[in-house]
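Colleague: I'd like a close look at one part of this model, the helix packing. Please walk me through it slowly, and then fit that part into the rest of the chain.

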Amino acid sequence: MPSDDDFVERFESASLTTFGHSEHVRLTIVYLARHGRDGALRRLTAGIQQFAAGAGQPDKLHATRTRAWLELIAAARAADPDATTAEALVAARPELLNRDLLLRCYSQHLLESRAARTAWIPPDLHPLLAALPTTGAQEIPDNGSMPSTDPIGAFLAAVSRAQAQQVDTAPAVLATASAHGRPSARMVLLRGADARGFAFFTNYTSRKARELADNPYAALCIHWPTLEEQIRIEGRVERVSDTESDEYFSSRARGSQLGAWASEQSQVLPSRSVLETRYQEIERRFAGVPVTRPPFWGGFRLVPEQVEFWHGRLDRLHDRLLYRREGSGWHTERLYP
Ligand SMILES: Cc1cc2nc3c(=O)[nH]c(=O)nc-3n(C[C@H](O)[C@H](O)[C@H](O)COP(=O)(O)O)c2cc1C
């Protein structure tokens with residue numbers, strides 16, 4: 001590996017043969033140390049322009065990415081004052097070499113825009129900086145081997161990673177279908193995932209519950225836009241035990257408990273005042289005592305038959321990992337994006 005001086009000299013004289021992501025990171029670190037933020041940005045921009053023109057790709061400069069990497073590396077340097085060389089900083093923060101890191105703060109659409117190529121579009125730095133201390137999304141080896149044979153473990157790991165970055169991981173789209181195969185979809189909140197499956201709670205007389213009674217197959221779809229991740233789960237749905245429903249119901253706010261009694265979910269409501277009157281009646285009925293769970297309200301669990309993890313990558317070469325249940329284990333494969 002060339003010394004920093006050699007490396008900088010070759011970059012500035014446009015004699016580097018490649019200028020990939022790790023070179024970008026290394027140069028930024030060296031320039032920051034030598035010239036501060038503004039000087040580093042000026043030199044990087046000028047050098048990349050020169051490099052790109054020399055390589056016959058004059059539009060290759062990506063102003064937004066260059067500036068955002070600089071911000072990210074400056075933040076890492078400030079947080080790791082002992083890491084004074086490029087090698088030390090990258091050793092302390094290997095995720096700086098993850099070129100997908102910036103995608104957490106920009107939509108693909110925005111990154112592809114002309115404005116992002118030619119001018120500085122500030123990222124939402126919060127997720128960018130929050131992402132810094134972690135190692136990013138599950139890396140998938142290119143040799144075809146899968147990171148894990150347990151989709152539930154992979155799901156729980158993805159949830160903790162997302163929660164560490166302030167992502168609300170509860171909302172999910174639930175799709176059901178009628179006995180005649182007509183689909184319908186709505187949001188629910190996931191309230192538990194373990195080896196048995198994925199739990200959500202609802203009214204047992206609602207449209208979704210009626211459809212599930214006729215056709216117990218359903219799908220969940222979860223999207224975390226800032227992480228560019230999607231998780232799709234399909235399988236058969238069953239009711240959770242009364243004890244589990246009681247436990248979850250008792251953990252809810254009193255207002256939500258009363259609301260569950262007051263709502264004939266999915267039925268026609270003649271006017272809002274009818275609902276409010278019903279709520280007041282329920283409030284009187286339970287005055288001074290705990291609200292018990294309505295017999296028509298409780299949980300369902302989707303027992304997964306397949307789980308797919310989608311992770312956004314550059315140039316739309318996204319990763320898709322599919323886990324299909326096979327006997328007591330899981331068969332894993334990759335899908336084209
Ligand atoms: C973010 C969000 C979360 C929701 N979570 C739930 C839930 O956990 N359970 C539920 O019954 N309805 C939930 N709803 C309301 C449902 O989307 C839906 O309107 C309701 O369950 C009636 O659907 P159905 O008529 O298809 O049964 C949620 C709505 C939103 C927007």
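Modeller: What follows starts with the helix packing and then moves on to the domains, the ligand and a few single residues. Keep in mind throughout that this is a predicted model.

Let's begin with the way such packing is usually put into numbers. Two packed helices are described by the angle between their axes and the distance between the axes. For helix H1, residues 4–12, and helix H2, residues 21–54, the axes come within 13 Å and cross at roughly 5 degrees. An angle under 35 degrees counts as roughly parallel, so H1 is roughly parallel to H2.

Who actually meets whom there? From H1 you have Asp4, Phe7, Val8, Phe11 and Glu12, and facing them from H2 are Arg26, Leu27, Val30 and Gly47. By class, the residues of this contact split into 5 nonpolar, 1 polar and 3 charged.

The loop between H1 and H2 has something to look at too, since Ala14 lies in it. Most residues other than glycine have a negative phi. Ala14 has a phi near 55 degrees, a positive value in a residue that isn't glycine. As for its surroundings, Ala14 counts as partly exposed because it has 15 C-beta neighbours inside 10 Å.

Now follow H2 to its other partner, helix H3, which covers residues 63–79. H2 and H3 pack at an angle of about 170 degrees, and their axes are 10 Å apart. The cut-off for roughly antiparallel is an angle over 145 degrees, which means that H2 and H3 are roughly antiparallel to each other.

The list of contacts for this pair is worth having open next to the structure. On the H2 side it runs His24, Val25, Thr28, Ile29, Leu32, Arg37, Ala40, Leu41, Leu44, Thr45 and Ile48. On the H3 side it is Thr66, Arg67, Trp69, Leu70, Ile73, Ala74 and Arg77. Sorted by class, the residues where H2 and H3 meet come to 11 nonpolar, 4 polar and 3 charged.

One more residue in helix H2 is Ala46. With 12 C-beta neighbours inside 10 Å, Ala46 counts as exposed, because the limit for that label is 12 or fewer. Ala46 and Leu61 sit 15 residues apart in sequence, and their C-alpha atoms are 9.3 Å apart in space.

Time to zoom out. The domain assignment splits the chain into domain 1, 4–131, and domain 2, 151–334. The C-alpha centres of domain 1 and domain 2 lie 41 Å apart. Where the two domains touch, domain 1 puts in 8 residues and domain 2 puts in 8 residues. On the domain 1 side, helix H7, residues 125–131, gives the most, with 3 residues. That side of domain 1 divides into 4 nonpolar, 1 polar and 3 charged residues.

Over in the second stretch of the chain, have a look at helix H8, which holds Pro151. Pro151 counts as buried, with 23 C-beta neighbours inside 10 Å. Leaving out residues up to four places away in sequence, Pro151 touches Pro304, Val307, Tyr323 and Trp330. The C-alpha atoms of Pro151 and Leu321 are separated by 9.7 Å, although those positions lie 170 residues apart along the chain. Arg161 is also in H8, which spans residues 151–164. Arg161 is buried as well, with 20 other C-beta atoms within 10 Å. Its C-alpha atom is 24 Å from that of Arg325, 164 residues away along the chain.

Then there's the ligand, which 15 residues surround. The closest are Met187, Thr202, Ser206, Arg207 and Ser266. Strand S2 (183–189), strand S4 (197–203) and helix H9 (207–214) each supply at least two residues of this shell. S2 has the largest share, 5 residues. The shell divides into 6 nonpolar, 6 polar and 3 charged residues.

One last stop is Glu228, in the loop between strand S5 (217–224) and strand S6 (229–239). Glu228 has a positive phi of about 55 degrees even though it is not a glycine. With 19 other C-beta atoms within 10 Å, Glu228 is partly exposed.

Technical notes:
Residues are numbered from 1 along each chain as its sequence is written. This is a predicted model: local features need pLDDT of at least 70, side-chain atom pairs count only at pLDDT 80 or more; totals for chains, interfaces and linings use all residues. A residue is near a molecule or strand if its C-beta atom, placed from the backbone, lies within 6 Å of it. Helices (H or I, at least four residues) and strands (E, at least two) are DSSP runs, numbered from the N terminus. Ala, Val, Leu, Ile, Met, Phe, Trp, Tyr, Cys and Pro count as nonpolar, Asp, Glu, Lys and Arg as charged, and the others, Gly among them, as polar. Domain bounds come from an automatic or database domain assignment. Two residues are in contact if their C-beta atoms, placed from the backbone, lie within 7 Å. Axes are lines fitted to C-alpha atoms, for helices over the stretch in contact, and angles run from 0 to 180 degrees between N-to-C directions. Angles under 35 degrees count as roughly parallel, over 145 as roughly antiparallel, 65 to 115 as roughly perpendicular and the rest as oblique.
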